Amino acid sequence: MKVLLIDDNPFDRELVKHKMEQVWPDIQWKEVTNQQAFSAIMKQPDFDFVLTDYQLKWTTGIDVLKFIIKCCPDLPVFMVTDTGSEELAVEAMKLGLSDYVLKTHLSRLPLAIEDFFQRRQLKNEHEVLQKQIQQAQKMESLGLLVSGLAHDFNNLLAGMMGYAQQGIKHSSANPELAEYFQHIFTRAEQGARMTRQLLTFARGSHLEPMRIQMNTLIAQTLEFVGTLLGPTIKIEFNPDATIADLYADPTQLEQMLVNLCINARDAMPHGGTLRVETHTFQLHKGKQDARFTAQPGPYVQITITDTGEGMSPEVLARLFEPFFTTKDVGRGTGLGLSVVYGIIQQHHGFIEVTSQPGKGTCFALYFPVAEQVSLEETTLNERAASEKVTPSVKTPGKVTILVVEDDPDVQQVICEVLREEGYTILLASDGEEGLQLFQEHIATIRLVIADIMMPKMQGKEFQQQIRRRQPETKVLVMSGYQQIQLQQKDLLDPNSDFLQKPFDLDILLEKVHTLININN
Ligand code: ADP
Ligand code: MG
């Protein structure tokens, strides 16, 4: 322990040192007794804290304190004062003094110092936790915002893609026009890809989990990532062969690794090393406050370290936010790490990042090992084996389909394409109207295609009302929300088929044909 002692009186100095050494015998003392020595030593302050007298020949303890706070705000200063200067000591506390001790109570000094360091540690821990809670809340509200936005966009895109496809189909005599429609379709598809990424961030993507050996998956991914990274980046992989299996979605994990590797590449424009390692990590009960949403237990830890340009604390605080990027327009979308974040959250894992400008970056990803995971598995479309086979139909001409959809564009495009196929269509714009039409045409309707978020009656309620009236009727529901989000909100009847908006009209037709069992 190194301590700076500021006191003019040699007798007092010895007294202070004596009291302190009774508790800490190995203290290395630095002593100053004039302004010059003080200024010199403060140029390179190499001590853990400062003990200063109040009444000095060349200045006062208050001025010493003010000076230290200005140049090293984190350096603790303790004041040792004579009786009578207690009021001044209080004033000094307001300025940021760590504590003060009267010379008449010198034996209290080591205790005051210990107390201070304990308080400081608690305060630091509290601040770290507070920051993490704020961060989690921020990500949570961003997730809500993003998933609402993506839902509305998916409805818009469903209309756009549908009209564009109809446009292509009806402009066979005019290839130039068809090409315009094709462009619209392609751009809308890009938009759909973006909303899918946003939904992954908002933990709304559909998982297909299975048992996975992470080392194998990493090795395979790195093999093809190698070509993306180019010859100037060296890839090292140190797998720990003893890690347990994960229960996870391999496509998503691959996506996560690729996104992280591409970021590492962008951070090393002049080359460098990318090191990937796996380990087993035990998150102990009570120790998880730093990762306060994670369950204690065994985890597989994957670290991805680069020797790139690193990040400033400002970038570190925001890097998972959707659309946050420091790259030039056209170079970065700011969605890469949002997707990584969503994937890890959905697998009940957590992520930690350490980085310093110029010193590279390390991403540590933690996934719970297979045994303790219970992922939200989809039960949708798990039909009872005993289900009756719908009698096949020769031509669509005889089949009536009820379409319930509140978005007029989506409604019209679905209607048009089904009519062109020869189906008879009944149209409704909300749940109540849909149910009324269903009641009136109950004998002829073979299939109900319905949106989930509709005015008046929506979701599961509507699907169940239909089924109550006619259990044989097939129901195909569609939504701009992801299947898993609807399941979480209990808006899906497990007996209904699901179609994600926006969709390719060919896929809609394929689903309709299968459900009605068209036999042609
Ligand atoms: P994008 O790569 O499109 O910018 P990301 O979400 O993948 O979006 O990353 C967000 C930002 O985080 C990047 O723009 C960059 O500033 C920072 N970043 C991510 N990974 C690294 C890394 N390995 N080294 C340095 N900075 C990084
Ligand atoms: Mg990126």
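**View 1. Lysine 123 sits out in the open, counting as exposed at 52% relative accessibility.** This is a predicted model, as are all the close-ups here. The partner to look for is glutamate 127, which forms a salt bridge with lysine 123, with 3.8 Å between the closest N and O atoms. Glutamate 127 is partly exposed, at a relative accessible area of 39%. Both residues belong to helix α5 and are four residues apart, or about one turn of the helix. A search of the whole structure turns up 24 salt bridges, and a few others get their own views below.

**View 2. Aspartate 451 and lysine 501 meet through their side chains in a salt bridge, 3.2 Å from N to O.** Aspartate 451 comes from strand β15 (residues 445–451), while lysine 501 comes from the loop between β17 (497–500) and α15 (505–516), so this pair ties together parts that are 50 residues apart in sequence. Are the two partners buried or exposed? Aspartate 451 is buried, with a relative accessible area of 5%. Lysine 501 counts as buried too, at 1% relative accessibility.

**View 3. Strand β17 is linked to helix α15 by a salt bridge between aspartate 497 and lysine 511.** The N-to-O distance for this pair is 3.8 Å. Aspartate 497 is in the strand and lysine 511 in the helix, so the contact joins parts that are 14 residues apart in sequence. Aspartate 497 counts as buried at 13% relative accessibility, whereas lysine 511 is partly exposed, with a relative accessible area of 23%.

**View 4. Asp7, Asp12, Asp53 and Lys103 are joined into one network by salt bridges that share partners.**

**View 5. Five strands form an open sheet with parallel pairing, in the order β2-β1-β3-β4-β5.** The edge positions go to β2 (28–32) and β5 (99–102); each has a single partner strand, so one side of each is left without a neighbour in the sheet. Ignoring direction, neighbouring strands here are turned by 20 degrees against each other on average. Zoom in on β1 (residues 2–6) and you'll find five bridges pairing this strand with β2 in the parallel sense. One spot to click on is leucine 5, whose bridge partner in β2 is glutamate 31. Helix α5 (residues 109–169) packs on this sheet and touches β3 (49–53), β4 (77–81) and β5. The direction of α5 makes about 155 degrees with that of β4.

**View 6. An open sheet of five strands, this one with mixed pairing, runs in the order β7-β9-β10-β12-β11.** Which strands stand at the edges? They are β7 (233–238) and β11 (350–356), and each has just a single partner strand, so one side of each has no neighbour in the sheet. From one strand to the next, the twist averages 15 degrees. Strands β10 (residues 297–306) and β12 (residues 360–368) run antiparallel and are joined by eight bridges. Within that pair, isoleucine 304 has phenylalanine 363 of β12 as its bridge partner.

**View 7. Helices α7 and α8 both lie against the mixed sheet of View 6.** Helix α7 (residues 214–229) goes across β7, β9 (272–283) and β10, and runs at about 175 degrees to β7. Helix α8 (residues 250–267) packs on the sheet as well, touching β7, β9, β10 and β12. The direction of α8 makes about 170 degrees with that of β12.

Notes: Residues are numbered from 1 along each chain as its sequence is written. Chains are lettered from A and ligands numbered from 1 in the order in which they are written. This is a predicted model: local features need pLDDT of at least 70, side-chain atom pairs count only at pLDDT 80 or more; totals for chains, interfaces and linings use all residues. Side-chain values use heavy atoms; hydrogens and water are left out. Two strands pair if DSSP finds at least two bridges between them. Helices (H or I, at least four residues) and strands (E, at least two) are DSSP runs, numbered from the N terminus. Axes are lines fitted to C-alpha atoms, for helices over the stretch in contact, and angles run from 0 to 180 degrees between N-to-C directions. Contact means heavy atoms within 4.5 Å. A salt bridge is a side-chain nitrogen of Lys or Arg within 4 Å of a carboxyl oxygen of Asp or Glu. Buried means under 20% relative accessible area, exposed over 50%, partly exposed in between (1.4 Å probe, protein chains only).
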